[in-house]
Amino acid sequence: KYKEVVRCRDKRRTMPGHACEHCVKFIDAVCGPADGGDGVFDRDKMIMDCSRHRANHSPDHTPDGFWELSFADEIAARKEGEEDLQRNMMDN
């Protein structure tokens, strides 16, 4: 899929804003949850005014683990270690 590059700052400001998974956490904290929070600010207006992610079309979601560059056995060992750590923290 081709993504058009818009270099002019004024033209980019007119493009619709989008929120990534990290931005959504911030917007939820400021505006309240998307499922009916009583936030002080308008969620859509904040995304349009403040978003650093601007494009004519919403970007595709990156699958979980897509950027994990380790081998499968290393990933499994790390997840196992994290689970052991969580179990130890819950036991204490």
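Reading from the N terminus, the elements of this protein come in the order α-β-α-α-β-α. That makes four helices and two strands in total. Keep in mind that this is a predicted model.

**Overall build**

What radius of gyration does the protein have, and what would a compact globule of 92 residues have? The protein comes in at 19 Å, while the globule would be near 12 Å. Along the principal axes, the C-alpha atoms take up a box of roughly 50 × 40 × 20 Å. Buried residues account for 13% of the 92 in the chain. As for the surface, about 8,500 Å² is accessible, and carbon and sulfur atoms own 54% of that.

Now for the contacts. If you take those with a separation of 6 or more, 55% of them are between residues 24 or more positions apart.

**Charges**

The protein carries 15 positive and 19 negative charges, and the mean positions of the two sets lie 13 Å apart. Side chains of opposite charge can pair when their charged atoms come close. How many salt bridges turn up in a search of the whole structure? The search finds four. Here are three pairs, with their N to O distances:

| Salt bridge | N to O distance |
|---|---|
| Arg-43 and Asp-28 | 2.6 Å |
| Asp-84 and Arg-87 | 3.2 Å |
| Glu-83 and Arg-87 | 4.0 Å |

Let's start with the salt bridge between Arg-43 and Asp-28. This pair ties together distant parts of the chain, 15 residues apart: Arg-43 belongs to helix H3 (residues 43–50) and Asp-28 to helix H2 (residues 21–31). Asp-28 has 28% relative accessibility, so it counts as partly exposed.

The other two pairs share Arg-87, and together Glu-83, Asp-84 and Arg-87 form a network of salt bridges. Where do Glu-83 and Arg-87 sit relative to each other? They are four residues apart in helix H4 (residues 72–91), so about one helical turn separates them. Asp-84 and Arg-87 are three residues apart in helix H4, which again means a separation of about one helical turn.

Are the members of this network buried or partly exposed? Glu-83 is partly exposed, with a relative accessible area of 45%. Arg-87 is partly exposed too, at 47%. Asp-84 has 33% relative accessibility, so it also counts as partly exposed.

Conventions:
Residues are numbered from 1 along each chain as its sequence is written. This is a predicted model: local features need pLDDT of at least 70, side-chain atom pairs count only at pLDDT 80 or more; totals for chains, interfaces and linings use all residues. Side-chain values use heavy atoms; hydrogens and water are left out. The radius of gyration is taken over C-alpha atoms; the globule rule is 2.2 Å times the number of residues to the power 0.38. Buried means under 20% relative accessible area, exposed over 50%, partly exposed in between (1.4 Å probe, protein chains only). Contact means heavy atoms within 4.5 Å. Accessible areas come from the Shrake-Rupley method with a 1.4 Å probe; for residues, only the protein chains shown count as cover. Lys and Arg count as positive and Asp and Glu as negative; His and the chain ends are not counted. The place of a charge is taken as NZ of Lys, CZ of Arg, CG of Asp or CD of Glu. A salt bridge is a side-chain nitrogen of Lys or Arg within 4 Å of a carboxyl oxygen of Asp or Glu.
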